[in-house]
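Colleague: I should like to learn how the features of a structural model are read, one at a time. May we begin with the cysteines?

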Amino acid sequence: MGGGGERSIGALVPTVKSEPENAGETSAPAAVTVELQEQIPVPEKEEEVDKDMLCPICMQIIKDAFLTACGHSFCYMCIVTHLHNKSDCPCCSHYLTTNHLYPNFLLNKLLMKRSARQMAKSATPVEQLRQAIQQGCDVSIKELESLLSLLMEKKRKMEQEEAETNLQILLEFLQCLRKQKVEELYEIQNDLKYIKEDINAVEKRRIELYRARSRYSAKMRMLVDDSSAMTVRPSLGDKESGAIVSSSVGSQEQVRVGTTQTRNTDAGAPGISQLVQWKDDHGGSDSQHPNQPGQAIARKKRVHAQFNELQTCYLQKRRYWARQPEKQKERVANVMNREGYSAGLEDFQSVLSTFTRYSRLRVVAELRHSDLFHSANIVSSIEFDRDDELFATAGVSRRIKVFEFASVVNEPADAQCPVVEMSTRSKLSCLSWNKCTKNQLASSDYEGIVTVWDVTTRQSVMEYEEHEKRAWSVDFCCTEPSLLVSGSDDCKVKVWCTKQEASVLTIDMKANICSVKYNPGSSVHVAVGSADHHIHYYDLRNVSQPLHIFSGHRKAVSYVKFLSNNELASASTDSTLCLWDVRENVPLHTFKGHANEKNFVGLTVNSEYLACGSETNEVFVYHKAISKPAAWHKFGSDDQNDPDEDMGSYFISAVCWKRDSPTILTANSQGTIKVLVLAA
C-alpha cells in the first residue's frame, strides 16, 4: 500500500507521450513525478494548462481526477465507464483495469485552487467581500464599524436613486396619461359640438316639416269643409215644395264641385276622397296608418341593436368631413346639403336610412337547378346579364343554363325551364356576362379553359387554353367589351382580347389565383385575390409589381368585387369580408357573422350592400358601413317538402345582386336557387 501512496501523488496533468512498453509499475510513478514537476502550471501559460487539464475522454475539465498505472489522469466516471467496455488506457492502449486506478489528490487540489482563482476573478466586489467574511478573515471592530457605515451610506444613496427613478417613471406615466385624456377630451368636445350642431339642424328641419304639414293639413281641412258645405242635401220640406228647383240647384252645386275638383286636380292637389284619406292618415283624426307605427318601432329597435356600430360610423364620417379642406367642404355642401345638413350628417343619414330600411330576406321565387343525369348539383356561379333580364348558372353539372328572370319570378316553380342550355366539356367554376355586348358570356372551367359564348347561337366564339390548371375566375371589362381577365391555379393572371387567339398579357404570381376583377371604371386596373392571403391591385400598363397589396385576411382570398371605382370588397376562407379603399390604399371595414373555412360561398355587392353565403346554408347581407349582418336567410328554413332532411352538409355556393335593386339571386350546393328580396 506504501507504493500506492507514492502513486497517488503522481502526474498532475495527463500526457500523451509514448511510454516504453517494458516500463514496470514501480518505474512509472517516478517518470510521472518528473513530468509533474515539469508541467506545474504557471500564470503565463494558463491557456496551455487549460488544455492539459481536460479529460481525454469527455474533453472537459477533469472532475474527481484518478491516475492510471500508465501515468494518465481522467475523470473517475469517464475512465470507469470506459473500462466497463474495454480493458486498456484510452491514451496509450496499455492494459488497464479498475484495480490500476488511484486518486490523484494533488491534481484535484490544484484544480480546486484554479477554480477558486477563476471565481475570484469573475466575482463582484460584494461577492468577494461575502466570501472573505465567510472564510473568517480577521477584521477589527473599528474596521467593521467603518465598513458598516459605508454600507449604510451606500444603501441610503441607492434607495434615494431608486425612489427618484420610480417617481420619474410615475410622473412620465401620469403626464402621458394626462396628454392622452386631454386629447380624448378634446375629441369628445368636438364630437359633442358636432352632435349639438346636427341636433339643431335636425330639429330645425323637423320644425319646418311640421309647419309645412300643418299648413297643408289646414288647407286640406278647409277644402274638405268647403266641399262638405257644398254637398249638403235639401230638407224634406223643400223636396215636397219644389223638387224640380231643388234638383236644378243640386245639379248646379254638383257642377261647381266638379269644376272645383277639376281645378284642384289640374293644379296638382288631390281629389276630395284623397284629401279625406290624407287627413285620416296624417293626424286629422285619431286613427293612423296601421303599418306606420310598427315600421317606425322596428327601425328604432334596429338602431338600438346596432347603436355602437352606428355611433362609430357617425363619428367617423363627421370627423372625416371636419378634416377636409374648406373648399372641398363648400363644394360638397353646394351639392349635398339641400336640407341644411353638414356633409358628415348628410352622409350618415344616408347610411342610417338604408341600414334601418331592411331587416330580413323574403323568398320571392325558387327553382331547382338539379339534373336527373347528374348527382352533383353545386352551382358555382350565378350572374345577371347586361340588362338584368336573363341570368345564367353554371357548376359541376357541366352545363350553362340561362333563365328569364321575369318568368322565374312570375311563373310556378314546376314551369320554370331554362331558355338556353349549353353543354361544356368539364366542370365550370365561374361565369361573366359581357357588360356591353348583349348575349355574350364567358366561362372558366376546371381544365383551365376560358370560353366565350354567344348565347343566341348557343355556340362558343373563342376558346383559350393557355392555363395549365383550373381557372377559378373570369371577368369581362366594363369599359372595353373586347377585354377579359382570368386567374388560375397555375399562379397566372391572363388578359385576353376576343379579337385575338392568344393572351395579350400574363402576370406571373407566387400563389394560386382564386379571383380576378376589373375595376368598373377602368380597363387597366385589375384586382387579384390570391391564396397568399392578400389582394394584389395591378395597373396592367406596368405589371412588374402591383400598385397596392391589401393585407388583412388570414387565409386565401376567394372573391374580390368592386362596389364603386374606389371601393373593393374581398371574401376569404377566414370567415370574414373586408372593404378597402383602392385610392387611399387603406382598409375601411371588416364584416363578420357568416361561417366560411373550406368552400367558396360566393360574394356579390352593390353600391350599399355586400352579400355572401355561409357554410351553415345561410345567406348574409351586410351594409357596407356596419360590420354586423343586416339580414340573413337560411335555406331549408321554410321548405316543407323534406322536413327530416339534414341541411347541415349543404352550403351557399353562389350569390348575385340584381343591379340597383334589393333583389338577390342565391344558390346552394344542393342545386336550389332562390330569389330573395330585402324586406322591412
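Modeller: A disulfide is a covalent bond between the sulfur atoms of two cysteines. This is a predicted model, and a search of the whole structure finds zero disulfides.

Colleague: Why does Cys70 not form a bond with Cys89?

Modeller: The cut-off for a disulfide is a sulfur pair within 2.5 Å. The closest cysteine sulfur to that of Cys70 belongs to Cys89 and lies 3.5 Å away, so the distance is too far for a bond. Cys70 counts as buried, because its relative accessibility is 9%.

Colleague: Which cysteine sulfur is closest to that of Cys478?

Modeller: The closest one is in Cys477, at 6.3 Å, which is too far for a bond. Cys478 has a relative accessibility of 25% and therefore counts as partly exposed.

Colleague: Let us turn to confidence. What is the average pLDDT of the protein chain?

Modeller: Where pLDDT is low, the predicted coordinates should not be read in detail. The average for the protein chain is 80, and 77% of the residues score at least 70.

Colleague: Over which residues does pLDDT stay under 50?

Modeller: One such stretch is residues 234–290, for which the model has 31 contacts beyond four places in sequence. Residues 638–645 also have a pLDDT below 50, and this stretch has seven contacts in the model beyond near neighbours in sequence.

Colleague: How many helices and strands does the protein chain have?

Modeller: The protein chain has 15 helices and 31 strands. Of its 680 residues, 40% are buried. Among contacts between residues at least 6 apart in sequence, 50% join residues at least 24 apart.

Colleague: How is the length of a helix checked, and what span should helix H14 have?

Modeller: The expected span is 1.5 Å times one less than the number of residues. Helix H14 (residues 343–357) has 15 residues and should therefore span 21 Å; its end C-alpha atoms are 21 Å apart, in agreement. For helix H12 (residues 307–323), with 17 residues, the first and last C-alpha atoms are 24 Å apart, close to the 24 Å expected.

Colleague: Which residues of these two helices are buried?

Modeller: An α-helix has 3.6 residues a turn, so residues three or four places apart point the same way. In H12, the buried residues are Leu310, Cys313, Tyr314, Leu315, Arg318 and Trp321. In H14, they include Leu345, Phe348, Val351 and Phe355. Thr356 is also among the buried residues of H14.

Colleague: How far is the C-alpha atom of Thr356 from that of Lys300?

Modeller: The two C-alpha atoms are separated by 7.9 Å, although the residues are 56 apart along the chain. Lys300 lies in helix H11 (residues 291–305). With a relative accessibility of 55%, Lys300 counts as exposed.

Colleague: Where is Asn566 placed, and which residues does Asn566 touch?

Modeller: Asn566 is in the loop between strand S21 (557–562) and strand S22 (567–572). Residues up to four places away in sequence aside, Asn566 touches Trp580, Asp581, Val582 and Arg583. The C-alpha atoms of Asn566 and Arg583 are 5.7 Å apart, with their positions 17 residues apart along the chain. Asn566 counts as partly exposed, at 27% relative accessibility.

Colleague: How many aromatic pairs does the structure hold?

Modeller: A pair of aromatic rings is described by the distance of the centres and the angle of the planes. The structure holds 15 aromatic pairs. In one of them, Phe66 and Tyr76 are tilted, with 4.6 Å from centre to centre and 50° between the planes. This pair links distant parts of the chain, with Phe66 in strand S1 (residues 65–68) and Tyr76 in helix H4 (residues 76–85), ten residues apart.

Colleague: Are Phe66 and Tyr76 buried or exposed?

Modeller: Phe66 counts as buried, because its relative accessibility is 14%. Tyr76 counts as partly exposed, at 32%. Another pair, Phe384 and Phe391, is edge-to-face, at 6.0 Å centre to centre and 65° between the planes. Phe384 is buried, with a relative accessible area of 7%, and Phe391 is buried, with 0%. Phe384 and Phe391 form one aromatic cluster with Phe403 and Phe405.

Colleague: Which charged residues lie over aromatic rings?

Modeller: Among them is Arg470, whose charged end sits over the ring of Tyr446, 4.0 Å from its centre. Another is Lys674, which lies over the face of Phe635 at 4.7 Å from the ring centre.

Technical notes:
Residues are numbered from 1 along each chain as its sequence is written. This is a predicted model: local features need pLDDT of at least 70, side-chain atom pairs count only at pLDDT 80 or more; totals for chains, interfaces and linings use all residues. Side-chain values use heavy atoms; hydrogens and water are left out. Helices (H or I, at least four residues) and strands (E, at least two) are DSSP runs, numbered from the N terminus. Buried means under 20% relative accessible area, exposed over 50%, partly exposed in between (1.4 Å probe, protein chains only). Rings of Phe, Tyr and Trp (its six-membered ring) pair if their centres lie within 6.5 Å; planes under 30 degrees apart count as stacked, over 60 as edge-to-face and the rest as tilted. A charge sits over a ring if NZ of Lys or CZ of Arg is within 6 Å of the ring centre and within 35 degrees of the ring normal. pLDDT is the predictor's confidence in each residue, from 0 to 100. Contact means heavy atoms within 4.5 Å.
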